Amino acid sequence: QTTRLLAPLRPATTLPVEKPDLTASLPEKPLNLVLIYLESFNETFSNSKQYPGLTPRIDALKKRFNNFDQIHSSGYVTIEGIANSQCGTLMNMEYANSSLVTRKGRLTELPCLADILGVAGYQQIYMGGAELVFAGKGAFLRDHGYDDVKGWRYWDDQGYQRFGDWGLSDTTLFDTALDTILEKRRQQAPFNLTMLTLGTHVPGFVYPECPAYPADTETVFLNAIYCTDYL
């Protein structure tokens with residue numbers, strides 16, 4: 001057993017740059033960003049000894065690309081996880097609701113990932129199946145650099161069918177996101193496409209296009225995880 005002595009945390013001695021003062025520019029060959037938030041997902045589902053083969057595709061991606069496992073996260077609710085990952089914060093749960101995106105919630109003027117990409121010239125698209133007003137998600141995204149923010153009202157206007165209580169199914173979301181990625185690549189301008197899934201929101205949703213989890217075909221949430229991995 002090893003004991004590590006850590007220095008006490010100290011208050012930051014510098015303040016972040018305010019959004020109006022941000023500067024950023026594109027490199028010679030800018031890369032596109034595809035950012036996928038998996039609802040209610042975490043590392044314990046991946047490479048699980050208790051549930052073997054639950055996330056085979058994600059496991060393969062982790063082996064093929066970099067995987068960062070030493071991450072301090074705070075994502076008890078979805079908007080908290082999105083805001084903290086984009087803004088480099090660990091937000092108090094006191095603000096983990098719609099107030100998170102207000103001035104009182106301390107994020108309105110804080111520069112975040114999409115703010116920087118926007119200044120650099122990226123076109124930024126968010127796609128999610130649920131209502132944007134839920135937990136102030138739409139307000140946060142629009143306030144921090146996203147040009148095109150699509151939630152259930154958009155999909156409803158386009159004639160898509162609602163799946164359950166939340167809205168657009170993940171199957172359709174992934175298909176539409178892929179079409180958008182291919183379209184943006186043809187335009188040859190840098191983009192950030194961010195999407196948020198719904199299938200693993202408790203109690204879990206399984207879409208007809210997904211195969212059943214071979215080790216447990218009865219437990220809905222395990223099948224929802226397997227379905228998200230499949231998609």
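Which residue in strand 4 is the bridge partner of Ile36? The answer is Met195, and the views below start from that pairing. This is a predicted model, in which local features need pLDDT of at least 70, side-chain atom pairs count only at pLDDT 80 or more, and totals for chains, interfaces and linings use all residues. Residues are numbered from 1 along each chain as its sequence is written, and side-chain values use heavy atoms, with hydrogens and water left out.

**View 1. Strand 4 pairs with strand 1 and with strand 2.**
Helices (H or I, at least four residues) and strands (E, at least two) are DSSP runs, numbered from the N terminus. Two strands pair if DSSP finds at least two bridges between them. Strand 1 and strand 4 run parallel and are joined by five bridges. Strand 2 also runs parallel to strand 4, here with six bridges. Within that second pairing, look for Ile125, whose bridge partner in strand 4 is Leu193.

**View 2. Strand 4 is covered on both faces.**
Buried means under 20% relative accessible area, exposed over 50%, and partly exposed in between (1.4 Å probe, protein chains only). By that measure, six of the six residues of strand 4 are buried. One side carries Phe191, Leu193 and Met195, while Asn192, Thr194 and Leu196 sit on the other.

**View 3. A disulfide links Cys87 and Cys112.**
A disulfide is a pair of cysteine sulfur atoms within 2.5 Å, and by this rule there are two of them. In the pair shown here, the sulfur atoms of Cys87 and Cys112 are 1.9 Å apart. The link is right-handed, with 95 degrees about the S-S bond. Cys87 lies in helix 2 (residues 78-87) and Cys112 in the loop between helix 2 and helix 3 (113-120), so the bond ties together parts that are 25 residues apart in sequence. Both ends are tucked away: Cys87 is buried at 11% relative accessibility, and Cys112 is buried at 1%.

**View 4. A second disulfide joins Cys210 to Cys227.**
Here the S to S distance is 2.1 Å. The torsion about the S-S bond is about 55 degrees, so this disulfide is right-handed. Cys210 is in the loop between strand 4 (191-196) and helix 7 (220-230), and Cys227 is in helix 7, 17 residues apart. Cys210 and Cys227 are both buried. Counting bonded cysteines along the chain, the disulfides follow the pattern 1-2, 3-4.

**View 5. Cys87 belongs to the largest nonpolar core.**
A nonpolar core is a set of buried Ala, Val, Leu, Ile, Met, Phe, Trp, Tyr and Cys residues joined through side-chain atoms within 4.5 Å. The largest one has 17 residues, and those with the most contacts inside it include Cys87, Tyr126 and Phe140. Helix 2 gives the most to this core, with four residues. Contact means heavy atoms within 4.5 Å; leaving aside residues up to four places away in sequence, Cys87 touches Leu107, Leu110, Cys112 and Phe140. A second, separate core of twelve residues includes Leu173, Phe174, Ala177 and Met195, the last of these being the partner of Ile36 from the opening question.

**View 6. Helix 3 has four named buried residues under cover.**
They are Ala114, Asp115, Leu117 and Ala120. Among the elements that cover them are strand 1 (33-37), strand 2 (123-128), helix 4 (137-143) and strand 4. Just after helix 3, Gly121 takes a positive phi of about 110 degrees.
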